Amino acid sequence: MRVRDVMRILDATLLTGEDKLDQEIEAACGCDLISDLLAFTKARMLVLTGLVTPQIIRAAEMMDLLGIVFVRGKKPTPDILAMAAEAGIPVLCTSYPLYESAGLLFEAGLRGRCAWPQAGGDPHDACGGTRDAP
Amino acid sequence: MLLECPVTGEDFQAAGEAAARLKRTLRQLGIDAATARRAAIVAYEAEMNIVIHAFRGVLSVDISPERIEILADDEGPGIPDIALAMQEGYSTAPEYIREMGFGAGLGLPNMRRYSDEFHIESTVGRGTSVRMVINVPSKGSLA
Ligand SMILES: Nc1ncnc2c1ncn2[C@@H]1O[C@H](COP(=O)(O)OP(=O)(O)OP(=O)(O)O)[C@@H](O)[C@H]1O
Ligand SMILES: [Mg+2]
């Protein structure tokens with residue numbers, strides 16, 4: 001699924017990252033806590049969140065996320081958007097709440113991060129599918 | 001190569017800049033994306049712990065072709081019970097910190113999980129020191 005498909009399915013507005021609309025997304029997760037997001041990286045991932053702070057952009061940048069969707073119609077401030085633009089991460093805004101947004105994308109075939117990694121286990125080996133490739 | 005970044009407690013504006021700088025440097029040095037990502041994530045968690053829980057500190061990173069060694073040293077209240085702090089879900093973060101998206105109690109477990117070596121020492125009333133090593137895979141072993 002491409003970023004532009006996510007945009008269509010969630011009836012979302014693109015706030016930055018026009019040049020990234022054709023990036024291929026392979027997984028998504030819904031998180032309102034940063035360390036929860038960081039706990040399990042999967043390649044080519046998108047995050048759905050209601051957390052509109054500069055820190056979510058920073059975390060997304062650390063993880064090489066391919067997109068951020070702000071749910072419930074939450075709008076980021078210009079400084080947050082500028083950070084995302086600099087990091088090259090597309091930002092979408094949808095009026096659907098988190099649960100509905102996740103459901104719509106899941107129904108359209110976009111899967112999650114699979115099982116929670118076991119304590120002490122390798123976060124990259126927690127499930128099959130696309131491995132966190134370089 | 002040595003990278004040193006000061007980190008200031010409660011400075012949420014600059015928080016994350018040290019980790020972001022590390023990630024950029026690693027990519028410029030030609031370190032593969034997955035390794036750079038692991039290093040960036042553990043550095044980010046360590047940096048945020050200084051911002052949230054300590055007064056001030058330094059994030060220093062020693063980069064060689066074989067390994068990335070990350071040291072997060074702070075002056076702060078210290079951790080009275082490290083075993084407890086290492087448990088998933090344990091957090092003393094106050095409400096206003098949780099509203100910013102922190103306080104899942106997963107930072108230290110993430111650091112341990114993503115690094116190849118992890119050591120933590122703390123003295124109550126003095127500060128905390130976390131040392132982590134990420135091994136850099138040799139070019140030939142990259143799939
Ligand atoms: N540098 C530090 N100085 C003092 N206390 C610390 C430090 N780092 C961690 N702690 C203590 O250990 C607890 C657990 O840390 P951990 O990073 O796992 O979770 P957190 O920071 O509370 O939340 P999260 O990292 O998930 O946002 C903290 O709540 C705090 O009590
Ligand atoms: Mg933490």
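Colleague: Which residue of E3(B) stands opposite Gly57(B)?
Modeller: This is a predicted model. In chain B, strand E2 (residues 56-63) and strand E3 (residues 67-75) run antiparallel, joined by 8 bridges. Opposite Gly57(B) in E3(B) stands Asp74(B).

Colleague: How many residues lie between E2(B) and E3(B) in the hairpin they form?
Modeller: The two strands run antiparallel. They form a hairpin, and the number of residues between them is 3.

Colleague: How many bridges join E2(B) to E1(B)?
Modeller: E2(B) also pairs with strand E1 (residues 2-8) of chain B. One position in this pairing has Leu3(B) opposite Val61(B). The strands run antiparallel, and the number of bridges that join them is 7.

Colleague: Which side chains of E1(B) point to one face and are buried?
Modeller: The side chains alternate along E1(B). Leu2(B), Glu4(B), Pro6(B) and Thr8(B) point to one face and are not buried. Those that point to the other face and are buried belong to Leu3(B), Cys5(B) and Val7(B).

Colleague: Between which chains does ligand 1 lie?
Modeller: A shell of 20 residues surrounds ligand 1, and the closest are His53(B), Ser91(B), Thr92(B), Gly103(B) and Gly105(B). Chain A also makes a contact: a side-chain N or O atom of Ser35(A) is 3.0 Å from an oxygen atom of the ligand. Ligand 1 lies between chains A and B.

Colleague: How far is a polar side-chain atom of Asp74(B) from a nitrogen atom of ligand 1?
Modeller: Asp74(B) is the residue that stands opposite Gly57(B). Its polar side-chain atom and the nitrogen atom of ligand 1 are separated by 2.8 Å.

Colleague: What is the distance from an oxygen atom of ligand 1 to a polar backbone atom of Gly103(B)?
Modeller: Gly103(B) is among the closest residues to ligand 1. Here the protein partner is a backbone atom, and the distance is 2.7 Å.

Colleague: What percentage of the area that ligand 1 exposes when taken alone does the protein bury?
Modeller: Taken alone, ligand 1 exposes 590 Å². The share of this area that the protein buries is 95%.

Colleague: Which elements give two or more residues to the shell around ligand 1?
Modeller: The ligand sits in the largest pocket. The elements that give two or more residues to its shell belong to chain B. They are helix H2 (33-53) and helix H5 (107-114).

Colleague: Is Ser35(A) buried or exposed?
Modeller: Ser35(A) is found in helix H2 (residues 34-38) of chain A. Its C-alpha atom is 8.7 Å from that of Ala59(A), 24 residues apart along the chain. The cut-off for buried is under 20% relative accessible area. Because its relative accessibility is 8%, Ser35(A) counts as buried.

Colleague: Why does Leu104(A) count as partly exposed?
Modeller: Leu104(A) is found in helix H5 (residues 98-107) of chain A. In space its C-alpha atom is 6.9 Å from that of Ile9(A), although the two are 95 residues apart in sequence. Partly exposed covers the range between under 20% and over 50%. Leu104(A) counts as partly exposed because its relative accessibility is 25%.

Colleague: What order do the elements of chain A follow from the N terminus on?
Modeller: Chain A has 134 residues, of which 50% count as buried. There are 5 helices and 5 strands. From the N terminus on, the order is α-β-β-α-β-α-β-α-β-α.

Key
Residues numbered from 1 in each chain as written. Chains lettered and ligands numbered in written order. Predicted model: local features only at pLDDT ≥ 70, side-chain atom pairs only at ≥ 80, totals over all residues. Heavy atoms only, no water. Buried < 20%, exposed > 50% of the residue type's maximum accessible area, 1.4 Å probe, protein only. Helix = DSSP H or I, 4+ residues; strand = E, 2+ residues; numbered from the N terminus. Pairing = 2+ DSSP bridges. Near = heavy atom within 4 Å. Polar contact = N/O pair within 3.5 Å; in protein donor to acceptor, adjacent residues only side chain to side chain. Areas by Shrake-Rupley, 256 points an atom, 1.4 Å probe, with all protein chains shown as cover. 1 Å grid on protein atoms, 1.4 Å probe; cavity = no way out; pocket = protein on both sides within 12 Å on 5 of 7 lines; lining within 4 Å. Sits in = over half its atoms within 2 Å of the grid points.
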